[in-house]
Amino acid sequence: MSKNLTIKELTEAVEGNVTPRMVRHYHQLGLLPQPVRSPSNYRLYTKNDVIRLQRIVALKQQGFQLNHIRQILEVEPSNDTTPSLMVQLQQQYQAVMQQISQLRQTASALEGLLGRDRDCEIMQAEVLAQLKLLDVETKAGLGGLEKLWSGLDAQVHAHPEAFAESLQRLLPDLSHRSEIEQDLISKLVLACGDVSLASFVRLSDQAIATSREALKSGCQVVVDIPTVGAALDMTRLAHLGCRVETLIDNPHITTATEAEKAFWQHQEWREKLHQVSPNCILVIGYAPSVLLSVCKAIQKQEIAPALVIGMPVGFSHAPAASRQLMQLSVPFITIQGTLGGGLLAATALNSLVESLIEKPDCHCYLSRT
């Protein structure tokens, strides 16, 4: 790139849905240096500007806020400055977590109103009307608010919760997803009680179709530890002819910490991973190192699963493992970020199995083998 670029040419070179307005905003924030001007007062950009803007876009896509990005880009590649940056980022992380906590409280209050089924709607309307008139200057006003919530909560004793009605009001728009995907995401949300999870679930294009075919053919199902296997719908899996195997087959291992340590310390579990059947379904809900090893084995064409459900627990290795999984061509279901766990992983598989065998009033005839 020898010639200077206009602001429009800069955005076209960078891509990533960057607009000239965003570039001007980055100038104001100090993320991008002020460019030189042409005789006609047009902004002119160089190859270095393109590279810096690409870095900004990439970091933003990873979830970093603009003030974090500025600090990262300003740090020189020196060991002397890295600790200072880490302290600043840690402080900002704590501030972000405080904001999340406050937003979570707001979300809980809204969920308490919106997540009500029809039987609660009369009391819900009364609460909304009274909230407008709330006098927070007096203790009586705050007591009145508690009384309103108590009245609303009193309705929960009159009937079982209608989960479908609650989720309909709370979940983001999932109309672009298939019916099976919508059901799977709804079940995952119910399994953890966090509606925000719906925005982080990732499924590859062929995940549903490929896994259903594998299950119908009686494929092998491999879980990372016994706790995940205990949460599976064994009755339906047995009816489909699916055999469940546990990779780290030690009943005393029940946590992510224990699973991670066992997988690293014992060669037998790593060797067992390479013995899984072709067209199997891998369900990983605890140890991130298991998922990382799965990704490596798939890359080397040492194993060929029909589906990988990767939802391990952790704050560094688990997100990294999920990212690696999403880069593979193998069908997958995962959760972006740090959310995960054995119950969620098992819930994902159970939802797929249930899509093949509906639950009648009594399904005892689906006897285990």
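In this predicted model, a good place to start is I248, which touches D224, I225, P226, I253, A259, A262, F263, W269 and V290, leaving aside residues up to four places away in sequence. I248 also belongs to the largest nonpolar core, a group of 70 residues in which L215 and I248 have the most contacts. Among the contributors to this core, helix α17 gives the most, with 7 residues. A second core, separate from that one, has 17 residues, including Y26, L32, V50 and V57.

From the core, the view moves to the sheet. Six strands make up an open sheet, arranged in the order β3-β8-β7-β6-β4-β5, and the pairing is mixed. At its edges are β3 (201-203) and β5 (244-246), each of which pairs on one side only. From one strand to the next, the twist averages 15°.

Strand β6, covering residues 281-284, offers a helpful entry into the sheet. Is each face of β6 covered or open? Both faces are covered: I281 and V283 on one side are buried, and so are L282 and I284 on the other. In a regular strand, side chains alternate between the two faces of the sheet. The partners of β6 can be followed in turn. Strand β4 (residues 221-223) runs parallel to β6 and is joined to it by 3 bridges, with V222 standing opposite L282. Strand β7 (residues 307-310) also pairs with β6 in the parallel sense, here over 4 bridges. Within this pairing, I284 has G310 of β7 as its bridge partner. Between β6 and β7 the chain passes through helix α15 (residues 288-299), in a β-α-β crossover that is right-handed.

Strand β7 can be described in a similar way. Its two faces are both covered, with L307 and I309 buried on one side and V308 and G310 buried on the other. I309 stands opposite V283, a residue of β6 that is itself buried. Towards β8, strand β7 makes a parallel pairing of 3 bridges, in which V308 is partnered by F332. Helix α16 (residues 317-326) sits in the connection, and together β7, α16 and β8 form a right-handed β-α-β unit.

Where does the antiparallel pairing come in? Strand β8 (residues 332-335) and β3 pair in the antiparallel sense, over 3 bridges. One bridge in this pair has L203 with I333 of β8 as its partner. The helix that gives the most residues to the core returns here as well: α17 (residues 342-354) lies across β4, β6, β7 and β8 and runs at about 150° to β6.

Charged side chains complete the picture. How many salt bridges does a search of the whole structure find? The search finds 6. One of them brings together the side chains of D194 and R104, at 3.4 Å from N to O. This pair links distant parts of the chain, as D194 is in the loop between α9 (179-192) and β3 while R104 is in helix α5 (residues 82-114), 90 residues apart. R104 has a relative accessible area of 30% and is therefore partly exposed.

Another salt bridge lies within a helix. K187 and D183 form this salt bridge, with the closest N and O atoms 2.7 Å apart. Both residues are in helix α9, 4 residues apart, which is about one turn of the helix. K187 counts as partly exposed because its relative accessibility is 24%, and D183 counts as partly exposed because its relative accessibility is 32%.

A further salt bridge joins the side chains of R236 and D233, at 2.4 Å from N to O. Are these two residues buried or exposed? R236 has a relative accessible area of 1% and is therefore buried. D233 also counts as buried, because its relative accessibility is 17%, and the cut-off for buried is under 20%.

Notes
Residues numbered from 1 in each chain as written. Predicted model: local features only at pLDDT ≥ 70, side-chain atom pairs only at ≥ 80, totals over all residues. Heavy atoms only, no water. Buried < 20%, exposed > 50% of the residue type's maximum accessible area, 1.4 Å probe, protein only. Pairing = 2+ DSSP bridges. Right-handed = clockwise from strand over helix to strand, strands pointing away. Axes fitted to C-alpha atoms, helices over the stretch in contact; angles between N-to-C directions. Contact = heavy atoms within 4.5 Å. Salt bridge = Lys/Arg side-chain N within 4 Å of Asp/Glu carboxyl O. Core = buried A, V, L, I, M, F, W, Y, C linked by side-chain atoms within 4.5 Å.
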